[in-house]
Amino acid sequence: MYAAERQQAILERAREVGRVEVVALSETLGVTVETVRRDLTALERLGVVRRVHGGALPVERLTLEQHTADRQIQATSEKRTIAERALAEIPHGGSVILDSGTTTLAIAHAMPADMSATVVTNSFAIAAVIADRPSIDLVLLGGRVRHRTGAAVGGMMIEALAGMCADVAFMGANGFDVSHGFTTPDQAESDAKRAMVGAARRAVIVSDSTKAGQIHLHRFAGLSDIAMIITDTGLDRDTAEDLEAAGVEVAVV
């Protein structure tokens, strides 16, 4: 196979599954790891992939913000498992901030019917799930609603958080990276997420491993802002070790 053919195969694979790994490509294509790395470098120079630790991502994955309805059908079993693990971080009768997102929505679904807690959220979808549960006090944050995510954002929402100090905030992320922290494509969403992190004693990222290595335009939290990340077994060991070395507890479920 010529280099151009091999690089085309790599690009097609990246676009199909959302990420490629150097070692796996080496085995699949029957070439050395160094050859794969050279191919990825060539593709990055063409502007069609971005190198990340251990592999590469197609650039369209880094730039396009998916609609919530599209994200709900992705990694559903992983999100359920992450959500169930997240419940262990909620103190009995405690206060919880739930960021808008499909994994945090899974947490709302996972909450037992008799669970006692105060839940603060800017997500109308999350509010709809728990609004009729008498043991949960619901605080719905208002503001301008983004149709793509169903999240309330803007100054009104951020002001409402200013006087709060919740026990824990569960935050989604469009991407996370050891060097760049936790990111999202939209500035208003980033501002809202940053305010939520600041309104809790502990901030916990809940994210499936496909977000690892993705870098979006707006950073809402650095590694020092986050106490813990709950993710699935797809997270590579090197990234997990780098996160823990930076002081972030990593729970792989």
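Lys211 is buried in this predicted model, because its relative accessible area is 16%, which falls under the 20% cut-off used for that class. Its side chain meets that of Asp208 in a salt bridge, with 3.8 Å between N and O, and Asp208 is likewise buried, its relative accessible area being 2%. Side chains of opposite charge can pair when their charged atoms come close. The points below set this pair beside other salt bridges and then turn to the fold and the surface.

**Salt bridges**

- The count of salt bridges in the protein comes to 10, and the Lys211 and Asp208 pair described above is one that joins two side chains classed as buried.
- Asp39 forms a salt bridge with Arg6, in which the closest N and O atoms are 2.4 Å apart; this pair links distant parts of the chain, since Asp39 belongs to helix α3 (residues 33–45) and Arg6 to helix α1 (residues 3–17), with their positions 33 residues apart.
- Both partners of that contact, Asp39 and Arg6, are buried.
- Asp186 and Arg146 also meet through their side chains in a salt bridge, at 3.5 Å from N to O, and they too link distant parts of the chain, being 40 residues apart.
- Asp186 sits in the loop between β11 (181–184) and α10 (187–198), whereas Arg146 lies in strand β7 (residues 144–146); Asp186 and Arg146 are both buried.
- Salt bridges also link Arg85, Glu89 and Arg202 into a network.

**Charge**

- The protein carries 25 positive and 33 negative side chains, and the centres of these two sets lie 4 Å apart.

**Fold and dimensions**

- The protein contains 11 helices and 15 strands, and its C-alpha trace spans about 65 × 30 × 30 Å along the principal axes.
- The radius of gyration is 19 Å, which agrees with the value near 18 Å that a compact globule of 253 residues would have.
- Of the contacts with a separation of 6 or more, 61% are between residues 24 or more positions apart in the chain.

**Burial and surface**

- Buried residues make up 51% of the 253 residues in the protein, and the residues of the pairs described above, including Asp39, Arg6 and Lys211, belong to that class.
- The protein exposes about 11,700 Å², of which carbon and sulfur atoms supply 50%.

Notes
Residues numbered from 1 in each chain as written. Predicted model: local features only at pLDDT ≥ 70, side-chain atom pairs only at ≥ 80, totals over all residues. Heavy atoms only, no water. Helix = DSSP H or I, 4+ residues; strand = E, 2+ residues; numbered from the N terminus. Rg over C-alpha atoms; globule rule 2.2 N^0.38 Å. Buried < 20%, exposed > 50% of the residue type's maximum accessible area, 1.4 Å probe, protein only. Contact = heavy atoms within 4.5 Å. Areas by Shrake-Rupley, 256 points an atom, 1.4 Å probe, with all protein chains shown as cover. Lys, Arg positive; Asp, Glu negative; His and termini not counted. Charge placed at Lys NZ, Arg CZ, Asp CG, Glu CD. Salt bridge = Lys/Arg side-chain N within 4 Å of Asp/Glu carboxyl O.
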